[in-house]
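Subject: A structure for you to look through

Dear colleague,

I am handing over the structure we talked about, and I would ask you to keep it open while you read. My notes on what was found follow directly below it.

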Amino acid sequence: MDICKMELDWEQPAEEVKSSVMKAAAEYAGNNGLAARDERHLSLAAEETIEIIRLLRDGRPDELSIEKDDNSVILRLVTNSVSSEGNPDTAYDKAKGVTGKLRMLYENGYKVLEQNDAAAQEIGVRRASVDDLKEMGFDTESDAFVWTLQSYDLEAFDRTVEEEDEQWQEISHSILANLSEDIRLFIFPDKTELSVRLAVAEEQKVVEGKYAINSEFEALVKLPVFKTRFQVKMLQLLYGPLVKKQKPKEGLDIKTIQLSSAHSKNGKITVLEYKPYPAPEELPSVIFFHGGADLFPALPYHYKLAEKIALNLPCRVFLVMHDLAPKYNPPTQILEAMEVYR
């Protein structure tokens with residue numbers, strides 16, 4: 001695959017710099033056969049990255065490059081000039097969101113990080129290891145700090161949806177964070193390098209005449225695919241609380257049951273019971289394990305389907321709220337399912 005490299009001329013108006021970067025991103029996507037959705041993602045990521053840089057006091061990047069690596073596209077920005085000022089008493093934890101942290105790290109640079117090593121660690125900054133440097137093609141003898149999106153308070157990722165963690169709310173407002181597999185900022189004594197890695201679709205192989213699949217299903221290709229752990233988390237935050245909002249309706253009783261569990265994070269599994277009202281004393285039962293690849297919570301569609309099954313059969317429906325990956329990976333969900341069944 002080609003590598004696109006261009007020098008950035010900040011003597012031009014910022015809007016012209018942004019326009020030239022987005023044009024380069026679009027041309028790269030076209031020349032390398034990226035899907036239309038991936039082209040949009042690359043353009044959006046380039047636009048927001050340049051917008052972050054535009055708002056900096058100094059240290060604007062000198063060079064931009066775009067390259068493809070396996071099933072990812074990497075956008076790199078290299079800055080050879082570094083901040084000579086900065087505030088030694090910088091409160092890194094006050095920087096809001098991904099954008100705020102990138103700006104603060106850019107503007108304060110290596111010397112301030114050295115003086116605030118412990119505080120910087122609070123937001124995921126650490127000394128770059130030999131493996132970090134080697135992976136990015138740097139001299140392994142170099143001295144650098146590194147901040148990554150993946151290390152951005154990973155404990156926050158593991159907190160329950162009910163806590164509505166503030167840092168995840170910050171991430172949710174960043175286009176860059178939601179599109180990226182990872183963001184890495186390497187801060188050397190004499191330069192900085194920002195890399196943004198975006199997942200792209202694998203080449204689709206068309207098999208004609210093998211399966212009689214209705215052409216209407218081609219529309220599914222246009223649906224968004226959640227590719228990163230951050231996109232997954234945002235979906236969990238958005239739909240997870242719906243379980244608490246289900247209320248009885250006319251002709252339908254909805255009850256929350258807490259079943260004890262040896263495999264669940266809290267020692268219990270939440271199950272919603274849907275039952276027609278009034279109903280005969282004896283009803284058949286359906287256990288409903290909603291879709292979502294063990295990653296996603298029940299979506300609005302699943303709740304509506306549970307209601308329809310309960311009313312139209314009629315029967316009792318038990319909608320199971322199993323624990324979610326990636327914090328709790330299979331076979332946790334299978335073991336919880338068996339506990340509910342038993």
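**What was found**

The chain has 11 helices and 11 strands. Please bear in mind from the start that this is a predicted model, and that the values in this email were computed from it. Of the 342 residues in the chain, 45% are buried. The exposed area of the chain comes to about 19000 Å², and carbon and sulfur atoms supply 49% of that area. If you take the contacts in the chain with a separation of 6 or more, 66% of them are between residues 24 or more positions apart.

**The seven-stranded sheet**

It may help to begin with a general point, which is that strands of a sheet pair through backbone hydrogen bonds, either parallel or antiparallel. In this chain, seven strands form an open sheet in the order S1-S2-S3-S7-S6-S5-S4, and the pairing is antiparallel. Its edge strands are strand S1 (3-7) and strand S4 (126-127), each of which pairs on one side only. Strand S4 is joined to strand S5 (residues 145-148) by two bridges in the antiparallel sense, and there you can find Arg126 standing opposite Val146 in S5.

**The four-stranded sheet and its helices**

A second open sheet is made by four strands in the order S8-S9-S11-S10, and here the pairing is mixed. The edges are formed by strand S8 (252-260) and S10, each pairing on one side only. On average, and with direction ignored, neighbouring strands of this sheet are turned by 20° against each other. Within the sheet, strand S9 (residues 268-276) and strand S11 (residues 316-321) run antiparallel and are joined by five bridges, with Val271 opposite Val320 in S11. Helix H10 packs on this sheet and touches S8, S9, S10 and S11, and its direction makes about 160° with that of S11. Helix H11 also packs on the sheet and touches S8, S9, S10 and S11, while its direction makes about 50° with that of S9.

**The loop between S10 and H10**

Several residues worth finding in the viewer lie in the loop between strand S10 (285-288) and helix H10 (300-312), and Phe289 is one of them. Ala293 is placed in this loop as well, and its phi is near 55°, a positive value in a residue other than glycine. Asp294, which also has its place in the loop between S10 and H10, is not a glycine either, and yet it has a positive phi of about 70°. The accessibilities of these two residues fall into separate classes: Ala293 is exposed because its relative accessible area is 64%, which is over the cut-off of 50%, whereas Asp294 counts as partly exposed because its relative accessibility is 25%, which lies between the cut-offs of 20% and 50%.

Is Ala298, which is found in the loop between S10 and H10, buried or exposed? Ala298 counts as buried, because its relative accessibility is 1% and buried means under 20%. Leaving aside its neighbours within four places in sequence, Ala298 is in contact with Tyr239, Leu242, His290, Tyr303 and Met321. Although Ala298 and Leu319 are 21 residues apart along the chain, their C-alpha atoms are separated by 8.8 Å.

**Two cis peptide bonds**

In the loop between S11 and H11 you will find Pro326, and the peptide bond that leads to Pro326 from Ala325 is cis, with omega near 5°. Pro331 has its place in the loop between S11 and H11 too, and the peptide bond from Pro330 to Pro331 is likewise cis, with omega near 15°.

**A nonpolar patch on the surface**

Lastly, Ile287, Phe289, Ile334, Met338 and Tyr341 make a nonpolar surface patch of about 500 Å². The largest share of this patch, three residues, comes from helix H11 (residues 332-341). Phe289, which was mentioned above for its place in the loop between S10 and H10, counts as partly exposed because its relative accessibility is 39%.

With best wishes

Key: Residues numbered from 1 in each chain as written. Predicted model: local features only at pLDDT ≥ 70, side-chain atom pairs only at ≥ 80, totals over all residues. Heavy atoms only, no water. Patch = residues over 30% accessible without salt bridge, like charges linked within 9 Å, V, L, I, M, F, W, Y side chains within 5 Å. Areas by Shrake-Rupley, 256 points an atom, 1.4 Å probe, with all protein chains shown as cover. Salt bridge = Lys/Arg side-chain N within 4 Å of Asp/Glu carboxyl O. Buried < 20%, exposed > 50% of the residue type's maximum accessible area, 1.4 Å probe, protein only. Pairing = 2+ DSSP bridges. Axes fitted to C-alpha atoms, helices over the stretch in contact; angles between N-to-C directions. Contact = heavy atoms within 4.5 Å.
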